[in-house]
Amino acid sequence: GGPLSGVQIITVVDDEAPVLNMPDVTEQEVTCADLSVEDAVAFANGTLSPEDEAAFLAEASALFVELGLIPEGAEDECGNAQVVEVGIEATVPEECPVLLELTCIFVAVDDCENESEPSSTSILIIDNTPPVISCPDAVSVSCDQGTSPEVTGMATATDDCSDAEVTYEDVVVSEGCPMIIERTFTATDACGYTST
C-alpha cells in the first residue's frame with residue numbers, strides 16, 4: 001500500500017499566567033491637600049454612603065494614574081493580556097505622620113482567563129505641615145470687663161489634615177498703669193504639630 005495519510009490535532013494549551021509590568025516606583029507620599037483625609041478615613045471605616053464612596057474611589061484612582069502608580073501594561077506568552085484594577089483598600093496606621101495608606105491592587109488577565117498574582121502600589125497621605133494660626137488684634141479693656149478671650153478675642157486655626165486645638169498663655173509684661181498682658185496662642189493639630 002501507499003503512504004498513510006491522516007489528520008493530526010495539535011492542542012495549544014495556555015496555562016501560563018500573564019505578567020504585570022509594574023512601575024519602578026510603587027509608593028508615593030501626598031499631603032492632605034491632595035486627597036480628603038476625612039473621606040479616606042470614612043472609606044477605611046466603611047462609613048461613606050455609596051455615592052460618596054464611588055466619588056472617593058474615582059478621585060483616588062485618578063490620583064494613582066496621575067502619580068504613575070499603575071502598571072505599564074502586561075505581557076503574555078500566548079497573546080493579549082489586560083491590566084485589571086481589582087480595587088483600592090485603605091488602612092489607618094497607628095502613628096503620624098502617615099494618616100492613611102491607600103493600596104491599589106492590580107492583576108493581569110489573558111484571553112484564556114489566566115490571572116497573574118496580584119501586585120499593588122500605595123499612596124501615603126501624610127501630615128507634614130503645622131496648622132495656620134490667626135490671632136486677634138491688640139485690644140484695650142477696662143478692669144470690669146476682664147481679660148478672658150470671650151472679651152478680648154480668641155485665635156483661630158486651620159489645618160489641612162485635622163482640626164487644630166487652640167490654647168493660650170498669658171504673661172504680664174507691665175504691672176503699671178496701664179497693665180499690659182501679652183497673650184500667646186498655640187494651635188496644635190492631631191499629629192502634634194504646633195504654631196504659635
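**Notebook: loops, pairs, core and pocket**

I began with P178, which I found in the loop between strand 9 and strand 10. The model I am reading is predicted. I then checked the peptide bond that runs from C177 to P178, and it is cis, with omega near 0°.

**Entry on a second proline**

I turned next to P97, which sits in the loop between strand 4 and strand 5. The peptide bond joining C96 to P97 is cis, and I noted an omega of about 10°. I recorded both bonds because most peptide bonds are trans.

**Entry on backbone angles and loop residues**

Which residue other than glycine did I note for a positive phi? It is E113, with phi near 70°. I located E113 in the loop between strand 5 and strand 6. I entered E113 as exposed because its relative accessibility is 65%, and the cut-off for exposed is over 50%.

I also looked up N128, whose place is in the loop between strand 6 and strand 7, the latter spanning 132-134. N128 has a relative accessibility of 41%, so I entered N128 as partly exposed. From N128 to E165 I noted 17 Å between C-alpha atoms, with the two positions 37 residues apart in sequence.

**Entry on the salt bridge**

How many salt bridges does the count give? I recorded one salt bridge. In this salt bridge the side chain of R183 meets that of D170, at 2.7 Å from N to O. I placed R183 in strand 10 and D170 in strand 9 (residues 165-174); the pair links distant parts of the chain, 13 residues apart.

Is R183 buried or exposed? R183 counts as buried, because its relative accessibility is 19% and the limit for buried is under 20%. For its partner D170 I noted 34%, which means that D170 counts as partly exposed.

**Entry on aromatic pairs**

I found two aromatic pairs in the structure. One of them is formed by F43 and F56 and is tilted, with 5.3 Å centre to centre and 40° between the planes. F43 belongs to helix 1 (residues 37-45) and F56 to helix 2 (residues 50-66), so this pair ties together parts that lie 13 residues apart in sequence. I checked the accessibility of each ring residue: F43 counts as buried at 12%, and F56 counts as buried at 2%.

The pair of Y168 and F185 is also tilted; here I noted 6.1 Å centre to centre and 50° between the planes. Y168 lies in strand 9 and F185 in strand 10, so the pair ties together parts that are 17 residues apart in sequence. I entered Y168 as partly exposed, with a relative accessible area of 38%. F185, at 6% relative accessibility, counts as buried.

**Entry on the nonpolar core**

I looked up the core next because nonpolar side chains tend to be buried together in soluble globular proteins. Which members of the largest nonpolar core touch the most other members? Of its 26 residues, they are F56, F64, I88, L102, I123 and I125. I then listed the elements that give two or more residues to this core: helix 1, helix 2, strand 4 (81-91), strand 5 (98-110) and strand 6 (119-126). Strand 5 supplies the largest share of the core, with six residues. F56 thus appears in my notes both as a core member and as a partner of F43 in a tilted aromatic pair.

**Entry on the largest pocket**

How much space lies in the largest pocket? I recorded about 610 Å³. Its lining comprises 20 residues, and V139, V141, T147, T152 and I181 lie nearest the centre. I sorted the lining residues into eleven nonpolar, five polar and four charged. Which element gives the largest share of this lining? Strand 10 (residues 180-188) does, with five residues.

From the residues nearest the pocket centre I followed up T152. T152 lies in helix 3 (residues 149-152). I entered T152 as buried because its relative accessibility is 16%. Between the C-alpha atoms of T152 and T196 I noted a separation of 17 Å, the two residues being 44 apart along the chain.

**Entry on strand 10**

I closed by collecting what I had noted on strand 10. Strand 10 holds R183 of the salt bridge and F185 of the pair with Y168, and it gives five residues to the lining of the largest pocket.

Methods:
Residues numbered from 1 in each chain as written. Predicted model: local features only at pLDDT ≥ 70, side-chain atom pairs only at ≥ 80, totals over all residues. Heavy atoms only, no water. 1 Å grid on protein atoms, 1.4 Å probe; cavity = no way out; pocket = protein on both sides within 12 Å on 5 of 7 lines; lining within 4 Å. Points joined across faces, edges and corners; volume = space filled by probe spheres on them. Helix = DSSP H or I, 4+ residues; strand = E, 2+ residues; numbered from the N terminus. Nonpolar A, V, L, I, M, F, W, Y, C, P; charged D, E, K, R; others polar. Salt bridge = Lys/Arg side-chain N within 4 Å of Asp/Glu carboxyl O. Buried < 20%, exposed > 50% of the residue type's maximum accessible area, 1.4 Å probe, protein only. Phe/Tyr/Trp six-rings, centres within 6.5 Å; stacked < 30°, edge-to-face > 60°. Core = buried A, V, L, I, M, F, W, Y, C linked by side-chain atoms within 4.5 Å.
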